[in-house]
Amino acid sequence: MYKCKPERNPKQVALLMISSILLTIGAFTLGILWEEYKGVINLAAMFIAAISLYIIIRFTMTEMEYTLDNGTFIITKIVGNKRTDQGALDLAETIDLVTKAEYKAKGYNKSHNGFFNYSQNLGGNHWFLVVGFAGKRAVVEFEPNDLFLAIMKDEIEKAKKEPKNQPPHEGPGGGILI
């Protein structure tokens, strides 16, 4: 079993929190100062506050963990002490594992049935796992480190070489994404 947890970018976290707070305070202040449009501005400020809260929770309080276990790629979301499995993919169903530039160049961004972003940081070294199951194609965006990526490439090759008539792997798997 191999695990990888992307490192959080502390500068990005601080920038997101400060800008979200300042933008929300600014919007409410504008509503106080501009009396004739107070209702519309306060509604917009509430919307900005909700988006800011989502961004703070999604990119500062949420961690992702990636696990390779017996030919299965498992994605776990961690918020505080709560761990939630987000999906488990059989690596034998992998169509491609590509960088962002390759993802766009090969046209995967135009031909999929589902896109799942399990990255922890904005920007950075994101990879795209293109998988096919049940005649459909899905794309998973994630942030592996170099060691995990090398192991994952080996595991994909190993999983594709396994005979298809073997019994299913023990544990989670089979192309399930939540």
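Is F73 buried or exposed? F73 counts as buried, at 0% relative accessibility, where buried means under 20% relative accessible area, exposed over 50% and partly exposed in between (1.4 Å probe, protein chains only).

Some ground rules before going further. This is a predicted model, so to speak of local features takes pLDDT of at least 70, side-chain atom pairs count only at pLDDT 80 or more, and totals for chains, interfaces and linings use all residues. Numbering runs from 1 along each chain as its sequence is written, and side-chain values use heavy atoms, leaving out hydrogens and water.

**The core around F73**

Contact here means heavy atoms within 4.5 Å. Leaving aside neighbours within four places in sequence, F73 is in contact with a list of residues including Y66, L129, V140, F142, F148 and M152. Several of those names come back in the largest nonpolar core, which has 22 residues; a core of this kind is a set of buried Ala, Val, Leu, Ile, Met, Phe, Trp, Tyr and Cys residues joined through side-chain atoms within 4.5 Å. The residues with the most contacts inside it are Y66, F73, L97, L129, V140, F142 and M152. Two or more residues each come from strand 2, strand 3, strand 7 (127-133), strand 8 (136-142) and helix 4 (146-161), with helix 4 giving the largest share, six residues. Helices (H or I, at least four residues) and strands (E, at least two) are DSSP runs, numbered from the N terminus. There's also a second, separate core of six residues, with V98, Y108, F128 and V139 among them.

**Rings**

Rings of Phe, Tyr and Trp (its six-membered ring) pair if their centres lie within 6.5 Å; planes under 30 degrees apart count as stacked, over 60 as edge-to-face and the rest as tilted. That rule gives 10 aromatic pairs, and here are two that involve Y66:

| Pair | Centre to centre | Between planes | Type |
|---|---|---|---|
| Y66 and F73 | 6.0 Å | 40° | tilted |
| Y66 and F142 | 5.4 Å | 75° | edge-to-face |

Y66 lies in strand 2 and F142 in strand 8, so their pair ties together parts that are 76 residues apart in sequence. Both Y66 and F142 are buried. Add F148, and Y66, F73, F142 and F148 form one aromatic cluster.

**Helix 4**

F148 is also one of the buried residues of helix 4, alongside L149, I151, M152, E155, I156 and A159. Seen down the axis, the buried residues fall within an arc of 160°, so they line one face of the helix; the arc is taken from the directions from the helix axis to the C-beta atoms. They pack against strand 1 (2-4), strand 2, strand 3, strand 5 (94-99), strand 7 and strand 8. Turned away from that side are the exposed D146, L147, D154, K158 and K161.

**Two other spots**

S20 sits in helix 1 (residues 10-33) and is buried, with a relative accessible area of 7%. A polar atom of the S20 side chain lies 2.8 Å from the backbone oxygen of L16. Not counting residues up to four places away in sequence, S20 touches S52, I55 and I56.

Then there's N70, in the loop between strand 2 (62-69) and strand 3 (72-79). Most residues other than glycine have a negative phi. The phi of N70, though, is positive, near 55°. N70 is partly exposed, with a relative accessible area of 49%.

Conventions: A polar contact is a pair of N or O atoms within 3.5 Å; within protein, one must be able to donate a hydrogen and the other to accept it, and residues adjacent in sequence count only if both atoms are side-chain atoms.
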